[in-house]
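Colleague: I should like to go through this model with you, beginning with the ligand site. Please define your terms as we proceed.

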Amino acid sequence: MTQAPGIAGLRFLVVEDHEFQRWAMGNVLESLGAKYVFSAGDGRAALEILRGLDDPIDIVISDLDMPGMDGMELIRHLGESGGNPSLILASSLDRALVASVETMAKVYGVALLGAIQKPVTARVLQALIDEHRAGPDVARTPAAARIFTVEEVLEGLQRGQFEPFFQPKVEMCSGAVKGAEALARWRHPAEGVIGAVSFIPLLERSGHIAAFTEMMVKSAAACCQAWRELGYEAGLSLNLSPETLADVDLSDQMVRLVLAQGLVPQDVIFEVTESAMAANLGRALENLSRLRMKGFGLSIDDYGTGYSSMQQLARIAFTELKIDQAFVRNAADQEPSRAMLESSLEIAGKLRIAAVAEGVESREEWDLLRDLGCDFAQGYYVAKPMESSAFLGWLGARNVVV
Ligand code: C2E
Ligand code: MG
Ligand code: MG
């Protein structure tokens, strides 16, 4: 990585309607060694400055509640303009409200360094600026990933460059491996291993996801059967796209594919998101009921991020609830996420279906979930998604106690 510039080399834009606050923030920045500090009284003035300068701004420090264009609208423009400066939110608003704006900034693709309460202290501000200087977090800037065309993806598909990776799902009380989720990966000859978000939406939009799903189910089921022959009884979870749920032949086709590899429907869980169901509700309900009738497990994926969580659960005989990683991540220090996590676990308990926490990354998260009574966990803390042979090695080397 190239040497990050010191604070003196960074360009700041302070967006704040109160003159005194603006001055105070400028003062704190200068005390930290900042040399280039621009300021604006609202979002509109900020955008004019951003567009008018020859050298780009590195960090925007913005209030939320301002007359004229407020902080929320400014964030949207920052996200849409693509030439992302980093953002620090400085607000005296309620913590829960600021948290929802943080989520919004991430959705808009803005590199958010953090949110601070006013009045701002030099120490807190310094810590956030240091984060900017540490360089971009890859996970935070998916826009930086190479964009592929449909033609490239289809060509890769034809050449057999796609395969399932496997991430274990572990029972929290015993540490036993219950199963594995198949996650699609592209072994690109020039770019290395590419993650699902770079090609799944493209395949969905271009009408090619059905053929892709068929390939995934076939190869993942074959891998699963191979582990079983070696004595590992792990089940298999597979993701289904909204488009797939519209095809009325889905369940017959899935039964055929699974049986052909020597598995039975009871070995397989299909994961669907709430928004996938909303896209074509009638068809989705028909297909999901039929899949369940044939014996497949059904999991509601990314639970809590969709529109009408409770309704969906009441409609379909789901067998598993997968709590989205956002709630896992923030549960320790954000009250709304903690409440969401606890209520998800309570609902799963009442419906007598398994609760799975996604994206468990640390010992603290694991302990919290276990204490709250979550049944299963998946995440980097246990293992990252791995190619089939590595997963087999992992199973073999694993000591059952976590
Ligand atoms: P998902 O089904 O919710 O899968 C979980 C995602 O979280 C995976 O991303 C996984 O690699 C990632 N993950 C797992 N543990 C951790 C962790 O501890 N921390 C963090 N930060 N992330 C973790 P991935 O593989 O990039 O997949 C993204 C999404 O793409 C999946 O979300 C799923 O909706 C979709 N997808 C993946 N494979 C397929 C597929 O074969 N078919 C369809 N239709 N969709 C797929
Ligand atoms: Mg999933
Ligand atoms: Mg998920």
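Modeller: A polar contact is a pair of N or O atoms within 3.5 Å; within protein, one atom must be able to donate a hydrogen and the other to accept it, and residues adjacent in sequence count only if both atoms are side-chain atoms. This is a predicted model, in which local features need pLDDT of at least 70 and side-chain atom pairs count only at pLDDT 80 or more, while totals for chains, interfaces and linings use all residues. Residues are numbered from 1 along each chain as its sequence is written, chains are lettered from A and ligands numbered from 1 in the order in which they are written, and side-chain values use heavy atoms, with hydrogens and water left out.

Colleague: How many Å separate a nitrogen atom of ligand 1 from an N or O atom in the side chain of S241?

Modeller: Two other side chains may be set beside S241. Q325 places a side-chain N or O atom 3.2 Å from an oxygen atom of ligand 1, and a polar side-chain atom of E358 is 3.0 Å from an oxygen atom of the ligand. For S241 and the nitrogen atom of ligand 1, the distance is 2.7 Å.

Colleague: What percentage of the accessible area of ligand 1 does the protein cover?

Modeller: Accessible areas come from the Shrake-Rupley method with a 1.4 Å probe; for residues, only the protein chains shown count as cover. On its own, ligand 1 has 800 Å² of accessible area, and the protein covers 83%.

Colleague: Which element gives the most residues to the shell around ligand 1?

Modeller: Helices (H or I, at least four residues) and strands (E, at least two) are DSSP runs, numbered from the N terminus. Elements giving two or more residues to the shell are α8 (209–229), β11 (297–303), α13 (325–330) and β7 (177–188). The most, four residues, come from β7.

Colleague: Is G179 buried or exposed?

Modeller: G179 is found in strand β7, and its C-alpha atom is separated by 4.2 Å from that of G235, 56 residues apart along the chain. Buried means under 20% relative accessible area, exposed over 50%, and partly exposed in between (1.4 Å probe, protein chains only). Because its relative accessible area is 3%, G179 is buried.

Colleague: Which residue in β14 does V356 stand opposite?

Modeller: Strands pair if DSSP finds at least two bridges between them. Strand β13 (residues 354–357) runs parallel to β12 (residues 320–323), with four bridges, and K322 stands opposite V356. Two bridges join β13 to the parallel strand β14 (residues 376–377). There, V356 stands opposite F376.
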